[in-house]
Each structure stands twice: as structure tokens, then as C-alpha cells.
Amino acid sequence: MLTAVRGALAFLTRLPVGGGEAGWDAFRTTPAAFVVAGYVVGGLAALPLLVPVPVPTVAALYLATLYLVTGVTHVDGLADCGDAAAAHGVDDRRSALKDSRTGVGGVLVVGLVLLALAFGALGVAGAGPRIAARLVLATEVSAKVGMATLAALGTPGHEGLGSAVVGEAEAAALLPVVAAAVPAVLLAPTGSAPALVVALTAGPAVALLVGRWATNHLGGVTGDALGAANELARVVALHAGVIAWTLW
């Protein structure tokens, strides 16, 4: 598992963990490694929420920390999927995925997602440090559970990075994924468990929708679709957690 986690961190973040070919091969067949990496990313991204500064500053620091840790690879996948969604026909959509230029569809979807994430960060920062940090952690774990779900259940698209990850593990590999996500709720402060559960379940639901769209419109789950699922799942999970915390 340790080797697989190193491979996951090398794939999902900019952290200097090494990993090499052995880490990559172990990661491809161990979906639970996505979740463990989610704890690392979420834990680092949550640190600014513990700093006693104004809420807007906390939100800005959260965004900056998040993308310093993860880089922009998944955002690039989101942009490519946005361009593909704006195209007509499978061939045009696949061409859009391979085009290094970002079109109107990509700019629009990335702008909307980043704006929604910023508003979500403002909302979660207003919940107080203890709750906010746990919600951010649960949100990141949720996004990675979504990616793991697509990797285990999805059908690979065209040959590329995504096809090297998707379909390499059986559906039974999702049991360790669920088990790895449980601690994100067990350590919840009194009264916050419902919000964390909502956040954790929102990510996989969004990822499955992205996977269905990719299968129907791209011919399978590609690396870009995995990246898009991660970014969209994070936003939806964060807002869902904040809404649940506000209501309950």
C-alpha cells in the first residue's frame, strides 16, 4: 500500500515523493490509494483554515494552498472536457481533448468552477476552524473516492493516461476505498457528522455522473474525465457539506 500511495501522490500532487515505475504500477491497481492521497491533500489544504485571519483571507489561502499542492493537471482536464462538451460529435470532442489550446467551453467551465470553489471556501471558513478544517478534509477525500470509483467501475476511453488507470482494478476494490474514507467521519466534532457524511457522498455521485457523460460522449473515461471529476466533485462536496452544516 505504501508504494501505491507514493504513486498516487506522484500522480495527484506536486509533492516530491518519488514513486517511480513501481509506485505507478502499484497505484494503478489500488484504488484505495486515491483516498489516502486525499487525506494528505485535504490535510495540507485545511491548514489555512486554522490561521486566525479574516474569512476572505482564509478562503484565498485555501485556494492558493490547494493548487500549490495539486498543481493544475486536473484543472487542465476540466478545461479539455469543457471544450469537448462544447463540440459536436465524438470525433470533434476527442479532437478538443487533444488540442493544447483552451477554447471558450474550457474557459467558461474552469471560471465557473473556480468561482464556485471560492464561494464554497468563504462558506466553509465561516463555520469556524474546527468544523471548517474537517469539512475541507472530507471534501478532498470525497473527490478522491469519486476518482477511485471511476477507476474501478469506468470503461477506459482512448489510449492514454486515463486508460492506464481506469479498469485496472475490480469493483471489489471499492470495499477498501469505502473503509479508507470512514475515518473522515469518525473523528467529527459533536453535531458535524451529518455534514461530513453529505460531503463524503457527494463526490462519488458527481464522479459517476461525469463518468456517464464521458462514456456517452467520449467513448469512455479518459484522463481528462478523471481530472474533471476531481475538480467538480470537490466543489459540489464542499457546498453540500456547508449546506448540510447550515441546516443541521
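1. Ala 59 has a relative accessibility of 5%, so it counts as buried. The model it belongs to is predicted. Ala 59 is a residue of helix α4, and α4 covers residues 55-70. Beyond the four places on either side of it in sequence, Ala 59 is in contact with Ala 121 and Leu 122. In the same part of the chain, Gly 123 is 64 residues away from Ala 59 in sequence, while the two C-alpha atoms are 8.7 Å apart.

2. Pro 52 sits in the loop between α3 and α4. Its relative accessible area is 80%, which means that Pro 52 is exposed, the cut-off being over 50%. Pro 52 and Pro 129 are 77 residues apart along the chain, and their C-alpha atoms are separated by 8.6 Å. Pro 129 is where helix α8 (residues 129-153) begins.

3. Helix α8 contains 25 residues. From its first C-alpha to its last it reaches 36 Å, close to the 36 Å expected at 1.5 Å a residue. How much of α8 is covered? Of its 25 residues, 20 are buried, so the helix is mostly covered, taking buried as under 20% relative accessible area. Two of its helix contacts, with α3 and with α10, are taken up in the next points.

4. Helix α3 (residues 32-46) packs on α8, with axes that come within 8 Å and cross at roughly 150°. Because angles over 145 degrees count as roughly antiparallel, α3 is roughly antiparallel to α8. The crossing of α3 past α8 is right-handed. On the α3 side the contact is made by Phe 34, Val 35, Gly 38, Tyr 39, Val 41, Gly 42, Gly 43, Ala 45 and Ala 46. On the α8 side it is made by Ala 133, Val 136, Leu 137, Glu 140, Val 141, Lys 144, Val 145, Met 147, Ala 148 and Ala 151. Sorted by class, the contact of α3 with α8 has 14 nonpolar, 3 polar and 2 charged residues.

5. Helix α10 (residues 174-181) also packs with α8, at an angle of about 175° and with the axes 10 Å apart. The two helices are therefore roughly antiparallel to each other. From α8 the contact takes Val 141, Val 145, Ala 148, Thr 149, Ala 152 and Leu 153, and from α10 it takes Leu 174, Val 177 and Ala 181. These residues divide into 8 nonpolar, 1 polar and no charged. Val 141, Val 145 and Ala 148 of α8 appear in the contact with α3 as well as in the contact with α10. An α-helix has 3.6 residues a turn, so residues three or four places apart point the same way.

6. At what angle do helix α1 (residues 2-12) and helix α2 (residues 20-28) cross? Their axes cross at roughly 95° and come within 7 Å. The pair is therefore roughly perpendicular, since 65 to 115 degrees is the range for that label. In α1, the residues Thr 3, Ala 4, Gly 7, Ala 8 and Phe 11 meet Ala 22, Gly 23, Trp 24, Ala 26 and Phe 27 of α2. By class, the contact of α1 with α2 has 7 nonpolar, 3 polar and no charged residues.

7. Gly 203 lies in helix α12 (residues 193-218). Is Gly 203 buried or exposed? With a relative accessibility of 0%, Gly 203 counts as buried. Leaving aside neighbours within four places in sequence, Gly 203 is in contact with Ser 142, Gly 146, Ala 233 and Ala 237. Arg 234 is 31 residues from Gly 203 in sequence and 6.5 Å from it in space, C-alpha to C-alpha.

8. Ala 244 belongs to helix α13 (residues 223-247). Its relative accessibility is 2%, so Ala 244 counts as buried. Not counting residues up to four places away in sequence, Ala 244 touches Pro 194, Ala 195 and Val 198. Val 198 is 46 residues from Ala 244 along the chain, and the C-alpha atoms of the two are separated by 6.9 Å.

Notes: Residues are numbered from 1 along each chain as its sequence is written. This is a predicted model: local features need pLDDT of at least 70, side-chain atom pairs count only at pLDDT 80 or more; totals for chains, interfaces and linings use all residues. Side-chain values use heavy atoms; hydrogens and water are left out. Axes are lines fitted to C-alpha atoms, for helices over the stretch in contact, and angles run from 0 to 180 degrees between N-to-C directions. Helices (H or I, at least four residues) and strands (E, at least two) are DSSP runs, numbered from the N terminus. Angles under 35 degrees count as roughly parallel, over 145 as roughly antiparallel, 65 to 115 as roughly perpendicular and the rest as oblique. A crossing is left-handed if the near helix is turned anticlockwise from the far one by less than a right angle, and right-handed if clockwise. Contact means heavy atoms within 4.5 Å. Ala, Val, Leu, Ile, Met, Phe, Trp, Tyr, Cys and Pro count as nonpolar, Asp, Glu, Lys and Arg as charged, and the others, Gly among them, as polar. The expected span of a helix is 1.5 Å times one less than its number of residues. Buried means under 20% relative accessible area, exposed over 50%, partly exposed in between (1.4 Å probe, protein chains only).
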